[in-house]
Amino acid sequence: MSNTKTASKSILARLLASEDLSVVHDPSAQTASFDLKDRTLRLPVWQEMSNSLYDMLVGHEVAHALYTPGEDWQTEIQTLASMHQVPYRIAQMYVNVIEDARIERMIKSKFPGLRRDFLNAYVDLMNRDLFDLNGRSIRDLPLIDRLNLEFKVGLHAGEAIPFSSTECVWVKRIENATEWSDVLEVAHDLLSSIIAENEEQQDEESDEVGEESGEGSDSESDQQQHGDSSDEESDESGSTGGSDSEGDDDSDASGSGDESSETSGGDATSADVQQGTNVPESMTQDAFSKVSDSLRESGNGYCEPREMILDPIDMDWNVVDYKTCHRLLSSHWASTVDNGKRVSDTLCQDVVRKSKPTVNTLVKQFEMKKQADQHKRVQISKSGVLDTVKMMNYKWSEDVFRKNATVREGKNHGLVMFLDWSGSMSNQITETMEQLIQLVLFCKKVNIPFEVYAFTSTSPMKFGKEQRDIYADENHGFTLLNLFSSRMNKREFQESLLNNYALANANAWDTPCTPTCPHAFGLGGTPLNEAILGAISIVPKFKKENNVQIVNTVFLTDGMSNGMHMPPNGTLKIKGDRIGVKVTKNATNMLTELLRERTGSKIVNFFLADWGGAKFNRHAYSYFEDENDLENGAKTWKKHNYAIATNDRQGWDEQYLVRVTNVNNDGVMTNVADDATAARKRTAFLKSMGAKMTSRVVLGRFIDQIA
């Protein structure tokens, strides 16, 4: 069976049920089934399974999903079993026969196109003898089996099922059952009728036996005249009869209160044995389960499609708000730095000052893009009023009416950024923070809402979160640190610039000033996939709170995610979503696709690397579609220290490979001694100007994406 077919049948089941059912194609399943509590449809994988048979099984189980109550049905069947003193399994069997007839009639009425599938499918089942009727006379089958066949193959396969005039009443009652309560009522009356009929037969048989035994009464009376041995035997038989009577009372009490029998069917009590064994089971249903077991496919390389359902992140647990981050950082350095003054503060102020030209260029480019977009939204229409200036041109032009220009309101923007806070970032964490500061200053300048989160594998408990069972919580080692926010006031923003720049310096591998890093804010692993999962919850909330129409998401990282297991064949979805994405690539690609579908956001990635020119081809080949793209990327990497990836392997709308060098993004010359030669200073100056242009080219391309 092809995976495409199973996927299409899963979609069919969800459409028929108008519900996001969990559909499992199970090669080990004997027949189709539906879990009313977990809302899981389990379909078998049979040999030579036709479309009609498959659609019939889907339609039948979807009918259960639509019309069979999801709660209390087991309790009601257990009550029915206790009332008639029959095993739970038999009571359930009788209810199933009547319920199947009801729900199949209702699903065919709701979807008439299924009628042909039911007809063809039951003819197929009869040809396969799945009801084990070969060599048997249908007339001799118990009533429950003939009722089962009447509503399965009698209506569809054209089989004539014989009924007596009194039995036809049950056929009519089942045909008229429209509610679940009707099913229980018919099952109750049917069991009562069968038990009463069996009791009458037993009474007749006992009368016949009594008449035959009366002929030997004289000999029995002679035996009663013997001595003590006869009396002992009669005493023993009398005590046995008393224990049987007590056993009946005990079984009634245990039968009504035994919870295990509700779920597993339970064992027959002594009362069940006396009465339940006289109630015939449905041989045709048992035969269907046994014979269908031989039809299961095996060894055909079939890989069961699975659904991987991810829990959304807990915003209260996994996210540390900017107020908490600001408070923890400020209190730490207030106690560890003399007079609260850090050497890095001066460097941060220099970065802000020297970033102004780049930020102003970005703002200008962003406004131009917005104006161009707004111009495209202008709609010109004729007013119907003559233009007195244009009237003189009436002889050679028909354009003599005044025009109205309707300017539609432009779309407002928002930006959510995620920064890799892993140990491998220590070589370029300062430069990355400077790049991030430029983006934050740009957002402040154009007055668009923004949020910045650093993702780390550090446990949320290190930031004062309540303790949780780390083995029960899948996200226990994942935290989002809210470093910047447009919700900050002016003082908070200025202090956060200094705090976060100092934090980057404290985590840098080699920096001229190394303040003490707060233990909780140290670099950890790379939970990139978890950060994307977090964005799926954060971006819609951000969009709603700020009332923005366009939200773009940026990820600044230097590597791949720690990894997340993906099923080799199936779908990935977020808990609560009706539709997921088909698993075809890696976890990062699937999650970015979910983020894009959920939010409509463009997703941009800044990939930071310290590769030399010779290492570029070896490390970056997977980011480009072919050799020509890789060659062009290597040229811009060698000449301008950046490249734009052409392979969307991880699902980014655009990915910028940026080389981390010893030159700041603002074009400041570094590591140049005051007594350096003129040639060395000239080389450093050219590199600094090249870096400045690199920063502007990459950021300009980024503005084109988000504007």
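A salt bridge is a side-chain nitrogen of Lys or Arg within 4 Å of a carboxyl oxygen of Asp or Glu. Keep that in mind as you browse these close-ups of a predicted model, where local features need pLDDT of at least 70, side-chain atom pairs count only at pLDDT 80 or more, and totals for chains, interfaces and linings use all residues. Residues are numbered from 1 along each chain as its sequence is written, and side-chain values use heavy atoms, with hydrogens and water left out.

**View 1. Arg89 and Glu281 meet in a salt bridge.** The N to O distance between these side chains is 2.7 Å. This pair links distant parts of the chain, 192 residues apart: Arg89 belongs to helix H4 (residues 88-110), while Glu281 is in the loop between helix H12 (270-275) and helix H13 (283-292). Helices here (H or I, at least four residues) are DSSP runs, numbered from the N terminus. Arg89 is partly exposed at 41% relative accessible area, and Glu281 is partly exposed at 30%. For these labels, buried means under 20% relative accessible area, exposed over 50%, and partly exposed in between (1.4 Å probe, protein chains only). The structure holds 13 salt bridges.

**View 2. Arg102 pairs with Glu99 within helix H4.** Look for the salt bridge between them, with the closest N and O atoms 2.8 Å apart. The two residues are three apart in helix H4, so about one helical turn separates them. Both Arg102 and Glu99 are buried.

**View 3. Arg146 forms a salt bridge with Glu167.** Their closest N and O atoms are 2.7 Å apart. Because Arg146 lies in helix H6 (residues 143-154) and Glu167 in the loop between H6 and helix H7 (168-175), the pair ties together parts that are 21 residues apart in sequence. Arg146 is buried at 7% relative accessibility, and Glu167 is buried at 17%. Elsewhere, Arg173, Glu185 and Asp189 are joined into one network by salt bridges that share partners.

**View 4. Phe118 and Tyr122 make a tilted aromatic pair.** The structure holds 13 aromatic pairs. With ring centres 6.4 Å apart and planes at 40°, the rings of Phe118 and Tyr122 count as tilted. Rings of Phe, Tyr and Trp (its six-membered ring) pair if their centres lie within 6.5 Å; planes under 30 degrees apart count as stacked, over 60 as edge-to-face and the rest as tilted. Phe118 and Tyr122 are four residues apart in helix H5 (residues 114-127), so they are separated by about one helical turn. Both are buried. Lys108 also lies over the face of Phe118, at 5.6 Å from the ring centre; a charge sits over a ring if NZ of Lys or CZ of Arg is within 6 Å of the ring centre and within 35 degrees of the ring normal.

**View 5. Pro518 sits in a loop between two helices.** The flanking helices are H19 (490-507) and H20 (528-546). Pro518 is buried, at 7% relative accessibility. Apart from residues up to four places away in sequence, Pro518 touches Leu329, His332, Trp333 and Leu503, where contact means heavy atoms within 4.5 Å. The C-alpha atoms of Pro518 and Asn507 are separated by 9.6 Å, and these residues are 11 apart along the chain.
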